[in-house]
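Open the model in your viewer and keep the selection panel at hand. Each stop below says what to select and what is there.

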Amino acid sequence: AGAKESNAIALVILRKGKEVLAKAGETAYLDEPDVGEMIRRESGKRSKGTFVMHLPVGRLVVMTGEDASIAALFRRAPGKDVVSVLTKTVEAIEENKAAATKTFAKEALAAKYAEALLKLLQKTSL
């Protein structure tokens, strides 16, 4: 049996409605100016919660907390276990602001954090 292609493609972690703190995966699509602006706009105007956008390349799930948001791009709709991972990650970032500030202040450390999260999403969303 061949290895199944992972559902999770890419993710960005951003300060709610503002700048990207870290990213991982195949982010070219998410880096497009109009897509990036749409993510910032959507994450900035919503209260805490999850929303899904159907895009030409797949599903974009945006998990928004008080101060942080994670936008993850999937090939197809992710399961509730993936949404749970995103929820817990946003909560963890917000519960320990000092650690999050240190992590995202260093580009290399922020990238490692994003890569680890993407790997977890890929394992969870097979």
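The tour runs from confidence to salt bridges, then to a pocket and some buried residues.

**Before you start**

This is a predicted model, in which local features need pLDDT of at least 70, side-chain atom pairs count only at pLDDT 80 or more, and totals for chains, interfaces and linings use all residues. Residues are numbered from 1 along each chain as its sequence is written, and side-chain values use heavy atoms, with hydrogens and water left out.

**Stop 1: colour by confidence**

Colour the chain by pLDDT, the predictor's confidence in each residue, from 0 to 100. The protein chain averages 90, and 96% of the residues score at least 70. Now select strand β3, residues 49-55: among the elements of the chain, this strand has the lowest mean pLDDT, 88. Strand β2, residues 20-25, has the highest, 96. Helices (H or I, at least four residues) and strands (E, at least two) are DSSP runs, numbered from the N terminus. Where pLDDT is low, predicted coordinates should not be read in detail.

**Stop 2: the salt bridges**

How many salt bridges does the structure hold? There are five. The term means a side-chain nitrogen of Lys or Arg within 4 Å of a carboxyl oxygen of Asp or Glu.

Select E19 and R15. Their side chains meet in a salt bridge, 2.6 Å from N to O. E19 is partly exposed at 37% relative accessibility, and R15 is partly exposed at 40%. For these labels, buried means under 20% relative accessible area, exposed over 50%, and partly exposed in between (1.4 Å probe, protein chains only).

Next, select E66 and K48. This salt bridge has an N to O distance of 3.9 Å. E66 sits in the loop between β4 (58-64) and β5, and K48 in the loop between α2 (33-45) and β3, so the pair ties together parts that are 18 residues apart in sequence. E66 is exposed at 51%. K48 is exposed too, at 54%.

Move to K97 and D67. Here the side chains form a salt bridge at 2.6 Å, N to O. K97 belongs to helix α4 (residues 97-105) and D67 to the loop between β4 and β5, so this pair ties together parts that are 30 residues apart in sequence. K97 is partly exposed at 44%, and D67 is partly exposed at 40%.

**Stop 3: the largest pocket**

Keep K97 and D67 selected, and add R15, L21, A68, I93, E94, A100, T101 and F104. Together these residues line the largest pocket. Its volume is about 200 Å³. On a 1 Å grid over the protein atoms alone, a pocket is an open set of points with protein on both sides within 12 Å along at least five of seven lines, and lining residues have an atom within 4 Å of a point. Grid points are joined across faces, edges and corners, and the volume is the space filled by probe spheres set on the points.

Which element gives the most to the lining? Helix α4 does, with four residues. α3 (80-95) and α4 each supply at least two. By class, the lining has five nonpolar, one polar and four charged residues. Ala, Val, Leu, Ile, Met, Phe, Trp, Tyr, Cys and Pro count as nonpolar, Asp, Glu, Lys and Arg as charged, and the others, Gly among them, as polar.

**Stop 4: buried residues**

Select A72, in strand β5 (residues 68-74). A72 is buried, with 1% relative accessible area. Its contacts (heavy atoms within 4.5 Å) are A10, L11, R59, L60, V61, L86 and L121, leaving aside residues up to four places away in sequence. Measure C-alpha to C-alpha from A72 to A8: the two are 7.3 Å apart in space and 64 residues apart in sequence.

Go to L30 in helix α1. L30 is buried at 4%. With the same sequence neighbours left out, L30 touches A10, L11, V12, V35, G36, I39, L60 and L73.

Then pick T27, in the loop between β2 and α1 (28-31). T27 is buried at 10%. Beyond four places in sequence, T27 touches A10 and L11.

Finish at E42 in helix α2. Is E42 buried or exposed? E42 is buried, at 10% relative accessible area. Beyond four places in sequence, E42 touches F51 and M53. The C-alpha atoms of E42 and K16 are separated by 9.2 Å, with their positions 26 residues apart along the chain.

Notes
1 Å grid on protein atoms, 1.4 Å probe; cavity = no way out; pocket = protein on both sides within 12 Å on 5 of 7 lines; lining within 4 Å.
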